[in-house]
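Visitor: I'd like to go through this structure term by term and hear what backs each label. Could you show it to me?

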Amino acid sequence: MSNSTNYVFVLDAKKKPLAPCQPAMARSLLKAGKAKVFKRYPFTIILNKLVDEENQGLQLKIDPGSKQTGFAMVTQSEEVIFAMVLIHRGQQIKNALLRRRTLRRTRRHRKTRYRKCRFLNRKRKKGWLPPSLRHRVLTVETWVNRLSQLSPVSSLAIELVKFDTQKIQNPEISGVEYQQGELFGYDVREYLLEKWGRSCAYCGATDTPLEVEHIIPRSKGGSNRVSNLAIACHQCNQNKGAIDIREFLKDQPSVLTHVLKVAKTPLKDAAAVNSTRTSIFETLKVKGLPVVTGSGAGTKYNRRRLNLPKEHWIDAACIGEVEKLTILTNQPLVVTAMGHGCRQMVQMDKYGFPRKGYKAKKPVPGWKTGDIINVVKGRNAGLKGVRIKTVRSKGNFDIRHGDKILSVSRNHIQPVHRRDGYNYSF
């Protein structure tokens, strides 16, 4: 595997996409004044003249996932010249909707509602997906469009994997067992008592009242599936509360291993991929480009045959029929979906009452939360490619540098990449 970075996208004077070039070639063109920087992420240059060349067809390959989606751009000679990992924010969207629903329900309960609860708007269109899953489809579509505008993409390839969720939980399942669910012949509590040996999953207590407990707390994305439920005594249930299971049992690794083993593999990610795979495929077909599909087994076979490590973008490059694969980059662009901010006019406290007054949409003209900047002056001079966390009307902005939050003056910074809803790193 080469120790080089992604190829650079090239546009001519009319923004026609040309064949991507090596970073060294891009530097030469920029130094000679024959090109200028068009876009920082992904790095793109634009030439000063028109170029009449036949576009070399590139294939954009996509490996959809629940938390991350891999992209790889492959030439006709099977060379990987561009790699990208897109990190979704589906769980953040779900948490935000849960918080909103909680606030609305408590307002109605206190008879301080600002609108009535409506029950005549529950019909959903065919193909409807919840916002947390629809987000995955839309972000994949967005980046297919962006990459197609920056490079001569002639075809698409996508992995249409379908997970057998019952097979994940029980590898030996077969026949009629598929039609007999996990709770066949039980009610939930009796099933859990038998599953956990009628003892507390955490301390092993037996001669005490036992309660149903969520292994992954609901507040952290846990579900009500029986695979996420355990039996615990009252004291352990209270002590654990909304703490993550790994943090709660960090001093008891053997107990943690046992609980996770008995609880079986969580199916949330597999269900998300199963729900969105068809929608992503249908969305890509509308683009008018040929779409090639591949199976998960075929991708895994190609990756193992070529002795490549397990990465989302490498899995993307291995989709479909692959004879050989020359990887010319090992530094994929990591794109994290950050959203476009909150549309809420007035912030609420934990009880659902207004906490602050109306917040201005543009406290400082020309600057927005999410802009990527370089710090050129002041005590933090030298920081490059950092993201503005908070824009303040006084002119001092908060920036995120690693785990630290720093304050810089707007007179000491230089814009690099304007906010587009994503954060970029390598």
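Guide: What follows is a chat about the labels used for this structure and the values behind them.

Visitor: Before the labels, what kind of model is this, and how confident is the predictor in it?

Guide: It's a predicted model. The mean pLDDT of the protein is 82, and 88% of its residues reach 70 or more. Residues 176-180 are another story: pLDDT stays under 50 there, and the model has six contacts beyond four places in sequence for that stretch.

Visitor: And what is in the protein by way of secondary structure?

Guide: Eleven helices and 19 strands. Of the 426 residues, 39% count as buried. If you take contacts between residues at least 6 apart in sequence, 61% of them join residues at least 24 apart.

Visitor: What makes Thr75 count as buried?

Guide: The cut-off for buried is under 20% relative accessible area. Thr75 comes out at 17%, so it counts as buried. Its place is the loop between strand 6 (68-74) and strand 7 (79-87). Leaving aside neighbours within four places in sequence, Thr75 is in contact with Leu58 and Ile81.

Visitor: Why is Lys15 called exposed?

Guide: Exposed means over 50%, and Lys15 has a relative accessible area of 51%, so the label applies. Lys15 sits in the loop between strand 1 (8-11) and strand 2 (17-21). Its phi is near 65 degrees, a positive value in a residue other than glycine.

Visitor: How do you know that Asn307 is exposed?

Guide: With the cut-off at over 50%, the 68% relative accessibility of Asn307 makes it exposed. Asn307 also has a positive phi, about 60 degrees, although it is not a glycine. You'll find it in the loop between helix 10 (296-305) and helix 11 (312-317).

Visitor: Which peptide bond goes with Tyr41, and what is its omega?

Guide: The bond from Tyr41 to Pro42 is cis, with omega near -15 degrees. Pro42 belongs to the loop between strand 3 (35-39) and strand 4 (44-47).

Visitor: What makes strand 1 and strand 4 a pair?

Guide: Pairing takes at least two bridges between the strands. Strand 1 and strand 4 are joined by three and run parallel, so they pass that test. Leu11 stands opposite Ile46 in strand 4.

Visitor: What is the strand order in the open sheet of four strands?

Guide: The order is 2-1-4-3, with mixed pairing.

Visitor: Why is one side of strand 2 and of strand 3 left without a neighbour in the sheet?

Guide: Both stand at the edges, each with a single partner strand, so one side has no neighbour in the sheet. On average, neighbouring strands of this sheet are turned by 35 degrees against each other, direction ignored. Helix 3 packs on the sheet and touches strand 1, strand 2, strand 3 and strand 4, with its direction at about 60 degrees to that of strand 1.

Visitor: How is the crossing of helix 2 (residues 90-109) and helix 3 (residues 131-150) described?

Guide: Their axes come within 8 Å and cross at roughly 145 degrees, and the crossing is right-handed. Helix 2 contributes Gly90, Ile93, Lys94 and Leu97 to the contact, and helix 3 contributes Pro131, Ser132, His135 and Arg136. By class that gives three nonpolar, three polar and two charged residues.

Visitor: Why is strand 10 (residues 229-233) described as largely enclosed?

Guide: Five of its five residues are buried, so the rest of the structure largely encloses it. Leu229, Ile231 and Cys233 point one way, Ala230 and Ala232 the other, and all are buried. As a general rule, side chains in a regular strand alternate between the two faces of the sheet.

Visitor: What makes strand 9 (residues 210-214) and strand 10 a pair?

Guide: The requirement is at least two bridges, and here five join the strands, which run antiparallel. One of the residues involved is His214, whose bridge partner in strand 10 is Leu229.

Visitor: Which helix has buried residues that pack against these strands?

Guide: Helix 5 (residues 188-195), in which Tyr191, Leu192 and Leu193 are buried. The buried residues of helix 5 pack against strand 9 and strand 10. Helix 5 is followed by Gly197, with a positive phi near 70 degrees.

Notes. Residues numbered from 1 in each chain as written. Predicted model: local features only at pLDDT ≥ 70, side-chain atom pairs only at ≥ 80, totals over all residues. Heavy atoms only, no water. Buried < 20%, exposed > 50% of the residue type's maximum accessible area, 1.4 Å probe, protein only. Helix = DSSP H or I, 4+ residues; strand = E, 2+ residues; numbered from the N terminus. Axes fitted to C-alpha atoms, helices over the stretch in contact; angles between N-to-C directions. Left-handed = near helix turned anticlockwise from the far one by under 90°. Contact = heavy atoms within 4.5 Å. Nonpolar A, V, L, I, M, F, W, Y, C, P; charged D, E, K, R; others polar. pLDDT = per-residue confidence, 0-100.
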